[in-house]
Amino acid sequence: MARRKGIDMKNDNEQKGIYEIYQSQPDTADEKVFGRKSHSDRRGFLKGAGLATMAAVLGGAIPFHRNMPAGMIPAAFAEGLDDVVIAGKDGLIVLNDRPLNAETPPHLLNDDITPTDRHFIRNNGIPPVNVDPQNWTLEIGGLVDNPMTLSIEDLKNKFDVVEQQLVVECGGNGRAFFEPKAKGNQWTYGAVGCSNWTGVRLADVLKAAGVKENAVYTAHYSADMHLSGKEGKLPISRGIPIEKAMGGENLIAFEQNGKPIHPMHGAPLRLVVPGWPGSCSQKWLTRIDVRDQVHDGPKMTGTSYRVPNRPVAPGEKVAKEDFEIIERMPVKSLITSPATNTEVAGNSVTVRGHAWSGDRTVKTVEVSSDFGATWQKAKLAEPANPAAWQTFTADVEFPKPGYYEVWAKATDDQGVSQPFAIAWNPKGYLNNTFHRVAVLVKG
Ligand SMILES: Nc1nc2c(c(=O)[nH]1)N[C@H]1C(S)=C(S)[C@@H](COP(=O)(O)O)O[C@H]1N2
Ligand SMILES: [Mo]
C-alpha cells in the first residue's frame, strides 16, 4: 500500500496527512505545518518567522510569496506517495494490489504517446488468465437486426482497421486532493494515458449489426471475475448512449502501441471510449448488447461514476436521485517536465506537458510561475487525431533564486477552462484543477 508523507503534529505528536490537517483545522493548519498562524491571509504571517519556516521546509525563499493564497498547500507536498514498483511497469505507484491499481507519476508521462509500461492500471476485479486470442469471440446482441459472433480475425477482415492516439482517464483521477476525503482509489495525477490504439470502429460494428430504432444505450460485458470469486457476478459492466457509441473515435481495440494488448489492459480485446470516464472502456471485452434503456449493470447505478446534478458544499449529503451519470471528462492539463521538486540551475526552465478535454479540442494552455497572478501562453500542438491529448511547451523565466510553483491551465474550444478549486462531490470524481509543480531555482 502506498502511504502519504505524514506531518508530525507539534502538540499531540500524532501523524496526520497534510490534507487532513488543512481540512480539520484550516485556521491553525499553517501554524501546525509552518509554526505560525496565517489568520485569514498568508500575507501577514509570511513576513515573519512563518515565511522563514515555510522557505526552510520548501528549500528556498519564495519570491512571489505575496500571491500565495491562504491555506493553499504547497505543490512541493502534493505527491507524498512512496514509490512501489510493479514488474514490467516502469515506476508506477501502486495504490492497491487486490484489485491491482497503479498510477504513473506525471514526469513519466512526458511522451506524446504513452508507452504501455507507463499506462496506469485500474482493475475492479480479477483479470482473466491464460486468454487465447485465437478463440476469443465478441458477441453483438440485444436490439440489433443481425446478432453477430466475431473472432478477432473477423474484426480485422470485415472492418476498417484504424490506429488512433486516445486518452483514457479514470473518472476518479485527482481524488486524493478531495477534502473531505472521498472513498476509492486515492489517485493523484497519473490515472491518465494516451497510447496508440489499433482496432476497428465500434460504430462500424454496430452499423453492420443494424441498430434498431428504439436503441438507447450500449451494455459492455467482459471476462474478468468479481473480487468475491462468485461465478456469474460481474465486477463492472458499463455502457454509453447510442449517439456516443456512433462516434468514430471509439475503438474495439486489439493492439496498444503496435503490440497485442497487455494482460492488465484488457488482452486480447477491449473498448477504448476516449474522453469519457475510463470505466466506459471495457477491458477483456466479450459482448456488447444494445438496449432500449440506460444500462443498469454493476457500476452504472447508485452513486458509481455519478456526480450531483447541482453544485454541492464539501461534505454535503446528497440524495441518490440527485446524481447523474458522468459523460465526458472535463478540460485538463498535466505538466510532465520538469518533475515536481526539481532544482533548476539558471533562471529559466522549459515546461512541457499535455492537455485534453473529453472529446473536444484544447484551444489554449497558459502557465504561471507567480501563483496565478500572471499567465503566459504556451505553445500548443494540434491533436494527432480527435480525442488525442495535445502537447504544450513554454519557456518560463524566474526573476531570482527561490521557491516557485509552475501552474498550467487549459481552455477548450467551448471556452471552458480548468478551475483553481475542486468542485467537490461525494465520490471524488472529475478533479480537473490546475496541475502545480514545485520548482526550486538555484540561480
Ligand atoms: N472488464 C473491465 N474493464 C475495465 C475495468 C475493469 O475493472 N474491468 N476498469 C475500468 C476503469 S474504471 C478504467 S479507469 C479503465 C482503465 O484502463 P487501463 O487499466 O487500461 O488503464 O478500464 C476500465 N475497463
Ligand atoms: Mo476508472
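**View 1. Ligand 1 and its 19 surrounding residues.** Welcome to this predicted model; we start with the residues around ligand 1, the closest of which are Phe120, Asn124, Asp224, Arg270 and Lys283. Two of these names return in the next view through their backbone atoms, and a third through its side chain.

**View 2. Polar atoms beside ligand 1.** Look for the backbone of Phe120, where an N or O atom lies 2.6 Å from an oxygen atom of ligand 1. Asn124 also places a backbone N or O atom 2.6 Å from an oxygen atom of the ligand. With Asp224, turn to the side chain: one of its polar atoms lies 2.6 Å from a nitrogen atom of ligand 1. How much of the accessible area of ligand 1 does the protein cover? The protein covers 100% of the 530 Å² that the ligand has on its own.

**View 3. The space that holds ligand 1.** Here the protein is shown around the ligand's place. The space taken by ligand 1 is the largest cavity.

**View 4. Strand 8 and its partner, strand 9.** Strand 8 spans residues 161-169, and seven of its nine residues are buried, so the rest of the structure largely encloses this strand. Follow strand 8 across to strand 9, which covers residues 192-201: the two run antiparallel and are joined by nine bridges. To find your place along the pair, pick out Val167, whose bridge partner in strand 9 is Cys194.

**View 5. Helix 6, from residue 202 to residue 209.** Is this helix mostly covered or mostly open? Helix 6 is mostly covered, with six of its eight residues buried. The buried ones are Leu202, Ala203, Asp204, Val205, Leu206 and Ala209. Just after the helix comes Gly210, which has a positive phi, near 75 degrees.

**View 6. An open sheet of four strands.** Strands of a sheet pair through backbone hydrogen bonds, either parallel or antiparallel. In this sheet the pairing is antiparallel, and the strand order is 17-19-23-22. Which strands form the edges? They are strand 17, residues 331-337, and strand 22, residues 379-380, each of which pairs on one side only.

**View 7. Strand 17 alongside strand 19.** Moving in on one edge of the sheet, we see strand 17 joined by six bridges to strand 19, which covers residues 348-357. These two strands run antiparallel. A handy pair to look for is Leu334 and, opposite it in strand 19, His354.

Technical notes
Residues numbered from 1 in each chain as written. Chains lettered and ligands numbered in written order. Predicted model: local features only at pLDDT ≥ 70, side-chain atom pairs only at ≥ 80, totals over all residues. Heavy atoms only, no water. Buried < 20%, exposed > 50% of the residue type's maximum accessible area, 1.4 Å probe, protein only. Pairing = 2+ DSSP bridges. Near = heavy atom within 4 Å. Polar contact = N/O pair within 3.5 Å; in protein donor to acceptor, adjacent residues only side chain to side chain. Areas by Shrake-Rupley, 256 points an atom, 1.4 Å probe, with all protein chains shown as cover. 1 Å grid on protein atoms, 1.4 Å probe; cavity = no way out; pocket = protein on both sides within 12 Å on 5 of 7 lines; lining within 4 Å. Sits in = over half its atoms within 2 Å of the grid points.
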